[in-house]
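The exercises below ask you to read strands, helices and their packing from a structure. Work through each task before reading its solution.

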Amino acid sequence: MKVTFTLLIFLFAALTLNAENGHDLWLRAKHTAPVNVVCSGKSPTLEIAKQELHQGWQGKANATFVLKKKHDKLIKGDGYRLSPGGIEANTDLGLLYGVYDLLRRQQTGEPITEQVENPSYERRILDHWDNLDGTIERGYAGRSIFWHGKDSLAVTEKDKKLWQEYARADASIGINGAVLDNVNASPLVLTTEYLKRVRAIAEVLRPYGIKTYLSVNFASPSVIGGLKTSDPLDPQVKEWWKNKAKEIYKLIPDFGGFLVKANSEGQPGPQNFGRTHADGANTIADAVKPYGGIVMWRAFVYSANDEDRAKQAYDEFMPLDGKFHDNVIVQVKNGPVDFQPREPFSPLFGAMKKTPVMPELQVTQEYLGQAVHLVFLAPMWEEFLKSDTYQEGKGSTVARCTDGSIFQQTHTAIAGVANVGLDTNWCGHPFAQANWYAFGRLAWNNQLSSDQIADEWVKLTFKPTPAEDRTHSTVLPIVWNINFLKPVKRMMLESREAAVNYMMPLGLHHIFAPENHYGPGPWWAPKGVRKDWTPPYYHQADTLGIGFDRTENGSNAVSQYHEPLRSLFNDVNTCPEIYLLWFHHLPWNYQTQSGLTLWDDLCYHYQEGLDQVRSFQKTWDKAKPYVDKERFSVVQKKLRKQCINAQVWKDACLLYFQQFSRMPIPYNIERPV
Ligand code: GCU
């Protein structure tokens, strides 16, 4: 009896859970009207396209909708032409993307007029920092969906189902690549037993147009190949990479290529053998070249010398511009230090003119409250992509410098470090799903606004399905503009600035507690620890002032930017205040544009950040009637924690800095501007 009862409860929970636990992401529309799909071709990708149309069609009942492959010069790559009666594309995948676009428009009420949609980047890739033992570096949503350790390499039906759901979510937003393992790569991933699992993953991902890639360890030839060296110019080493590539492409003919973290944070690399990054990248790139593969070579390098960390990647990579083979792309993090809540763009963008450069964004919120804080990252990425580098005149934005609009590039790409894990809702926080969504949408179209992305995501994610309406009669139909959509969108769009305010405003950066990068730790500087791994290196606070002097009188990092930025950043009077303490060391009583002293302005920003989170709590409380119980209460609880965290950030940072400023923390401060 007891067993039956428990079983019933379990069954009931399982049935109701799926609708509410966020597992369906932004793909919640269920069949509402029948449609006739006319499609002449046949392929696994087209089967998916047809199935999606039958399952999600919300247009006129019994309408006829045509999917047609047709050569059209205006359509690039896997782009498509969408019109009310059908979709045309050069490829099957283009047709599938068109279907997802159409369904999104039907669900969000966007007009469907005739238009051509082309992707901004050829390769739109998620980098999974998944370790082969199933843990995820900087992952906050459970364990890996790809790996469960060396004793579980056999592929199960459950694995396949999950990979398929993952692939569908990716394809629905245009993502077409996945790097399956951590950049701190284990050489083992290139052994045959692991490669067989990669093949199985690739087979599930393929119909959705997703290529698989692997992060590789530069020392693989010696560690798993038994060679005496991994010197990239050694003929045996070159041969080893060629044979490895041959083995991989036999298993996975459409394998995308390799991602390499070399000579960075203890990883081996060509410099161990007196060679350059270009020597290392080219050897591996030559091995995959015959099969159309690429090498994404990361520029995330810095060492414990006396040079400003923010300058090191540029100094190391600029002399190599033009020395990389044409299937190498240099992968550069958006900022010159490390995925901080705010950084100016890395000066490598636009500066490397003879080498394709791809942006690396971080979808997982390592430095932005992880799976606890509600921080929508699209505004940060929009700010970055729209930053003008001035490298080829005004309007040389990061977006245009990387998507092929300005420089002739054989390949274009963009990567995001994934926030996906085994958690039922995939990302840990229901709103973290919006960051996955935003990455895909921006990778497809790097001109989209954060506002549009938030609008789409909220409409798709919170629209109750008819089934939910029936099960939960308490959930009111969404009143899009006034009561739900508008305030929730406002909260999302403000959330990144709020995090900057309560963590590290006015250009402060990297003042996190060590290791976990979650809470504040501006004081952390034990003896013997590399100084560029301690926060005081970055904030430089003393009784005279605060901030990192990167002007001509300081580290001269400003010199790496093109004019007029160099002068603009160099001069405290023209430096945008969002980067003030990134570029300048200033006295506590320096007057900011607000008219306040720097100290008072800092206090103001910390308080402002906290107030913003409090306002998010109020916004969410009012959203209660429109959201299912489970997601409502998860978000509510997380916001409560975020608010406590914001208070801790403010108190910890201000009390710590106060020992230097020796000024009182103002109460109820007004900021005129
Ligand atoms: C950050 C992060 C590391 C990661 C590194 C990288 O430093 O904390 O976990 O390995 O970036 O991007 O390589």
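A residue counts as buried when its relative accessible area is under 20%. The model used here is a predicted one.

**Exercise 1. The first strand**

Task: Determine which side chains of β1 point to one face and are buried, and which point to the other.

Solution.
Step 1. In a regular strand, side chains alternate between the two faces of the sheet.
Step 2. On one face of β1 are Val 35, Val 37 and Cys 39, and these are buried.
Step 3. Asn 36 and Val 38 point to the other face and are not buried.

**Exercise 2. The open sheet**

Task: Give the order of the five strands in the open sheet, and explain what is left without a neighbour at its edges.

Solution.
Step 1. The order is β1-β2-β4-β3-β5, and the pairing is mixed.
Step 2. The edge strands are β1 (35-39) and β5 (115-117). Each has a single partner strand, so one side of each lacks a neighbour in the sheet.
Step 3. On average, neighbouring strands of this sheet are turned by 20° against each other, direction ignored.
Step 4. For a parallel pair, take β1 and β2, which are joined by five bridges. Cys 39 has Leu 67 as its bridge partner in β2.
Step 5. For an antiparallel pair, take β3 (residues 80-83) and β4 (residues 86-89), which are joined by four bridges. Here Leu 82 stands opposite Ile 87 of β4.
Step 6. Between β1 and β2 comes helix α2 (residues 44-56), and the three make a left-handed β-α-β unit.
Step 7. Helix α3 (residues 92-108) lies across β2 (63-69), β3, β4 and β5. Its direction is at about 35° to β3.

**Exercise 3. The barrel**

Task: Describe the closed barrel and follow its pairing from β7 to β12.

Solution.
Step 1. The barrel has eight strands in the order β6-β7-β8-β9-β10-β11-β12-β13, and the pairing is parallel. From one strand to the next, the twist averages 25°.
Step 2. Three bridges pair β7 (residues 177-179) with β8 in the parallel sense. In β8, Tyr 213 is the bridge partner of Val 179. The chain goes from β7 through α5 to β8 in a right-handed β-α-β crossover.
Step 3. β8 and β9 run parallel and are joined by four bridges. Tyr 213 stands opposite Gly 257 in β9.
Step 4. Strand β9 (residues 257-260) pairs with β10 in the parallel sense over four bridges. Val 260 has Trp 297 as its bridge partner in β10.
Step 5. Strand β10 (residues 294-298) is joined to β11 by four bridges, and the two run parallel. Val 295 is partnered by Val 328 in β11. With helix α9 (residues 309-317), β10 and β11 make a right-handed β-α-β unit.
Step 6. Four bridges also join β11 to β12 (residues 357-362), again in parallel. The bridge partner of Gln 331 in β12 is Met 358.

**Exercise 4. Covered strands**

Task: Find how many residues are buried in β8 and in β11.

Solution.
Step 1. In strand β8 (residues 211-216), five of the six residues are buried, so this strand is largely enclosed by the rest of the structure.
Step 2. In strand β11 (residues 328-333), six of its six residues are buried.
Step 3. Both faces of β11 are covered. Val 328, Val 330 and Val 332 are on one side, with Ile 329, Gln 331 and Lys 333 on the other.

**Exercise 5. Two packed helices**

Task: Work out how α5 and α7 pack, and place Thr 192 in this picture.

Solution.
Step 1. Helix α5 (residues 192-205) and helix α7 (residues 235-251) pack at an angle of about 35°, and their axes are 9 Å apart. Their crossing is right-handed.
Step 2. Thr 192, Leu 195 and Arg 199 of α5 make the contact with Lys 244, Glu 247, Ile 248 and Leu 251 of α7.
Step 3. Sorted by class, this contact has three nonpolar, one polar and three charged residues.
Step 4. Thr 192 belongs to helix α5. Its relative accessibility is 40%, so Thr 192 counts as partly exposed.
Step 5. Thr 192 and Ile 248 are 56 residues apart along the chain, and their C-alpha atoms are separated by 8.8 Å.

Notes: Residues numbered from 1 in each chain as written. Predicted model: local features only at pLDDT ≥ 70, side-chain atom pairs only at ≥ 80, totals over all residues. Heavy atoms only, no water. Buried < 20%, exposed > 50% of the residue type's maximum accessible area, 1.4 Å probe, protein only. Pairing = 2+ DSSP bridges. Right-handed = clockwise from strand over helix to strand, strands pointing away. Axes fitted to C-alpha atoms, helices over the stretch in contact; angles between N-to-C directions. Left-handed = near helix turned anticlockwise from the far one by under 90°. Contact = heavy atoms within 4.5 Å. Nonpolar A, V, L, I, M, F, W, Y, C, P; charged D, E, K, R; others polar.
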